[in-house]
Amino acid sequence: MLGNKSINENNHLEIAGCDVVELAQTMGTPLYVYDEELLRFNMQEYEEAFRENYPHFSLAYAGKAFLCSALCSIIEEKNWWLDVVSGGEYYLASSADFPVEKIIFHGNNKTQEERHLVLRGGVGRWVVDNEVELNFLLEEASSYASYKIPLFFRLTPGVDPHTHQYITTGKIDSKFGFPLGEAEKAILKAIQSEDLEVWGLHCHIGSQIDHIEPFLKAAEVMLQFMADFRKKHGFVFRELDLGGGLGVPYTDEERDRFPPSRLYVQAISEKVKEMCGELSYPLPRLYLEPGRSVVNTAGSTIYQVGSVKEIPGVKKYVAVDGGMTDNPRPILYGAKYQAHVGNRVVGEQEKVSVVGKCCESGDVLIEEMELSSPRPGDILVVEATGAYNYSMASNYNLIPRPGVVFLRERKPELVVRPESWSDLVRRDIVPVD
Ligand SMILES: Cc1ncc(COP(=O)(O)O)c(C=O)c1O
């Protein structure tokens, strides 16, 4: 079992001290639940590691992993920054009164509407991804903002993190960021502009990365670029943002595969200090942008089993009341998950395939797993669904998206209500005859 889970006297699964059967009965299924204490603990691990290892740092939570207003409050309370990658994420954060001066605005194709929203509303750091975007900024900044736009430049350091190709972003062949050789001219253009202020550089090499070396390699490349740039142009970057990407286990089998966040922060901090010493470069303020490693293990999804179909000698299919609409990661990346029968955790084990209710044969949540003989009406809990589930959910087959519950002090609190069928037709324009 991953995270803060246990089995109670009724043989029910408890998450953060809450019985999942009661949660299913009172809040409905499917349901995303988050152990708030664990989420906060994960944040604290990052904070402490930085405090112990590096003099000036900022932690920015990557909202794309999972974002809602209640989480914005926690991030603000913890004094973290927030990464957003779209006008929608920015809008959510500002609606939740998250301080805009702590927002980092990303995106490889920021639309005009998004650019104007953020320019008008204010931003902590704007990450320029490409030349076209820089030219737009140079044209638009003074008309839409009365302040100098604080910039990072996103570079592709040419590091292969050996993760899934869909979540690799730092290789030369990437849709994100400036190739190293192209960045110099663009950065100089921004430095010379009255409307922009260059604070630093950014890179993000990928996600679900299971070893530290690629992060260190990226830091090395970035710092070398900074030192070369200073030598040529006399300009010192005050800040360096090395993105997110630390991986986390999704199953018990993977428990020891990933370095703990403390070790990751420590190794990066050491590397940056060492390189800065060698290059006689002033220590930049260091930013990291973890997403998955903050929320994934803290989240689980509670489903109810509907139909169970056995094909003798072939397979037993256990279908739940959700699927690829609330968790598209298996169909998208071949991601592996594990589950428990929440109302009968310990029981006679049986090999089954957990599938969703969508009209796609590929709608498989868990290809094969031993579970305690799931039956119709049982509660099924899939673990480690905290990242890139809610935020990637869809309404395919017009299935409403589940609500979100935070578990605090052994009590559930609904923080996002489930979608209703009427939500599904809210935007339809009904023809009038
Ligand atoms: C720019 C940027 N920063 C941070 C992250 C967060 O990555 P992760 O959730 O793997 O920590 C991402 C995700 O891909 C990203 O694109």
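**Exercise 1. Find the polar contacts of the ligand with G291, R292 and H204.**

Use pairs of N or O atoms within 3.5 Å; within protein, one must be able to donate a hydrogen and the other to accept it, and residues adjacent in sequence count only if both atoms are side-chain atoms.

Step 1. Take R292: one of its polar backbone atoms is 2.8 Å from an oxygen atom of the ligand.
Step 2. Take G291: here a polar backbone atom lies 2.9 Å from a ligand oxygen.
Step 3. Take H204: an N or O atom of its side chain is 3.1 Å from an oxygen of the ligand.
Step 4. Check the cover: the protein hides 94% of the 400 Å² of accessible area that the ligand has on its own. Areas come from the Shrake-Rupley method with a 1.4 Å probe; for residues, only the protein chains shown count as cover.
Step 5. List the nearest residues: K64, S207, E289, R292 and Y388, out of 15 around the ligand. "Around" means a heavy atom within 4 Å.

The model is predicted: local features need pLDDT of at least 70, side-chain atom pairs count only at pLDDT 80 or more, and totals for chains, interfaces and linings use all residues. Residues are numbered from 1 along each chain as its sequence is written, and side-chain values use heavy atoms, without hydrogens and water.

**Exercise 2. Test the length of helix α9 (residues 261-279) and locate its buried side.**

Helices are DSSP runs of H or I, at least four residues; strands are runs of E, at least two; both are numbered from the N terminus.

Step 1. Expected span is 1.5 Å times one less than the number of residues. For the 19 residues of α9 that gives 27 Å, and the end C-alpha atoms are 27 Å apart, so the two agree.
Step 2. Buried in α9 are S261, Y264, V265, I268, S269, K271, V272, M275 and C276. They share one side of α9, because their arc around the axis is only 160°. The arc uses directions from the helix axis to the C-beta atoms. Buried means under 20% relative accessible area, exposed over 50%, partly exposed in between (1.4 Å probe, protein chains only).
Step 3. G277 and E278 are exposed on the other side.
Step 4. The buried residues pack against α2 (36-53), α8 (213-233) and β13 (285-288). Contact means heavy atoms within 4.5 Å.

**Exercise 3. Describe the N-terminal end of α2.**

Step 1. D35 caps this end.
Step 2. A side-chain oxygen of D35 lies 3.1 Å from the backbone nitrogen of E37.
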